[in-house]
Amino acid sequence: MTTDAPATVKCLVWDLDDTLWSGTLLEGDDPRPAEATLRTLRALDERGVLHAVASRGDHATATAHLARLGLAELFTAVEIGWGAKSASVGRVAEALGIGVDSLAFVDNDPVERAEVAAAHPRVRCYEPEEVPDFLSLPEFRPRHLTEESRRRREMYRAELGRKRAEETYEGAPGEFLASLRLELTVREATEADFARAHELTVRTHQLNTTGRTYDLAELRQLSRSPHHRVTVAALTDVHGSYGTVGLVVTEEEDDRTVLRLLLLSCRVMSRGIGPALIGHVVRQALAEGRRPQAEFVPTDVNRAMLVNLRFAGFRPLGEATRPVPGDPLLLEFPPDAPPPAVPGHVRLLTPAGGPDA
């Protein structure tokens with residue numbers, strides 16, 4: 001069931017009766033989880049591992065019991081009904097926007113575990129007796145534990161609220177964006193940001209201008225360099241925090257500020273954050289008397305970032321307007337163009353004294 005380097009579990013999916021708790025709810029029991037189970041639930045939550053439910057039973061009865069136990073908030077997705085457990089597990093992955101290969105499933109019934117394993121061979125399945133051991137298993141130990149990972153459940157629940165709001169919104173897409181009251185906070189990275197910044201570089205490929213990745217040591221070195229600036233961007237809206245969603249690495253060369261890397265989390269692709277963050281880089285460079293330039297290295301999936309750069313005003317230098325995959329393209333913000341305005345649906349927050357303050 002495990003390998004030499006098991007992938008980290010992002011979400012643990014629980015059966016309820018005789019698994020999360022001892023007893024059967026619909027048979028009149030008042031079932032309670034064991035203390036070891038509660039410790040595992042809360043400790044994994046602190047590590048950023050999400051919890052979900054895929055169980056048979058009456059939805060209203062089960063969720064009411066979870067609420068009475070004070071556990072309802074720990075579960076980000078709840079699938080309770082009378083269908084196949086494998087279908088419920090699939091819907092959990094879909095609701096959370098993660099692959100089924102990042103799920104684990106715990107159930108007391110070997111037949112249910114076998115049914116899930118047959119439908120989803122990459123879902124790791126466990127018996128309830130193994131629950132106390134989860135905290136020591138490598139697949140339940142994320143490589144980096146950050147403040148953002150500790151708040152992962154809160155951010156996923158906020159994202160589910162956004163999806164529900166967007167699905168029921170009856171106005172135009174632009175009006176929905178305005179209704180979110182987006183706030184983008186841009187600041188120079190500190191030591192506490194490097195783990196998340198590294199995570200973004202290795203996870204985000206579609207919205208990465210150059211495809212570069214940086215480990216912790218490289219980010220630390222760049223942040224200390226007098227010729228580089230490492231910037232992070234965090235996003236919030238009326239539903240809550242998206243967390244750190246952007247990373248910018250710039251280098252000062254002579255009279256230029258060159259954007260060496262800009263990446264965004266795929267979760268904010270539809271929020272129009274790219275032009276806001278690129279515009280901040282441009283205004284910062286212009287305020288310091290430098291020419292804003294940007295590198296772009298095309299891949300099979302990152303053309304959206306070239307569109308963002310062009311939309312923000314950057315133009316290719318020289319004759320190469322259609323870059324070959326793998327070759328860098330250098331773009332420049334026109335020296336006679338006015339600084340780009342902040343998009344109207346985004347409030348941009350920067351440290352006091354910055355060009356956007």
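How much space lies in the largest pocket? The answer is about 1200 Å³. Keep in mind that this is a predicted model. The second largest pocket has a volume of about 320 Å³, and here is a friendly tour of what lines each of them.

**The largest pocket**

- Its lining is made up of 39 residues.
- If you would like a place to start looking, Lys10, Arg152, Arg196, Glu199 and Arg203 are the lining residues that lie nearest the centre of this pocket.
- Four elements give two or more residues to the lining: helix H3 (85-96), helix H5 (147-150), helix H6 (152-168) and helix H8 (194-203).
- Helix H8 provides the largest share of this lining, with seven residues.
- Sorted by class, the lining of the largest pocket holds 15 nonpolar, eleven polar and 13 charged residues.

**The second largest pocket**

- Here the lining consists of 21 residues.
- Nearest the centre of the second largest pocket you will find Glu148, Ala192, Asp193, Arg196 and Thr244.
- Two or more lining residues come from each of H5, strand S6 (182-188), H8, helix H9 (216-224), strand S7 (228-237) and strand S8 (240-253).
- Strand S7 gives the most to this lining, contributing four residues.
- By class, the second largest pocket is lined by seven nonpolar, six polar and eight charged residues.

**Names found in both linings**

- Arg196 is listed among the residues nearest the centre of the largest pocket and also among those nearest the centre of the second largest pocket.
- H5 and H8 each give two or more residues to the lining of the largest pocket, and both do so for the second largest pocket as well.

Technical notes: Residues are numbered from 1 along each chain as its sequence is written. This is a predicted model: local features need pLDDT of at least 70, side-chain atom pairs count only at pLDDT 80 or more; totals for chains, interfaces and linings use all residues. Side-chain values use heavy atoms; hydrogens and water are left out. On a 1 Å grid over the protein atoms alone, a cavity is a set of points where a 1.4 Å probe fits but cannot get out, and a pocket is an open set with protein on both sides within 12 Å along at least five of seven lines; lining residues have an atom within 4 Å of a point. Grid points are joined across faces, edges and corners, and a volume is the space filled by probe spheres set on the points. Ala, Val, Leu, Ile, Met, Phe, Trp, Tyr, Cys and Pro count as nonpolar, Asp, Glu, Lys and Arg as charged, and the others, Gly among them, as polar.
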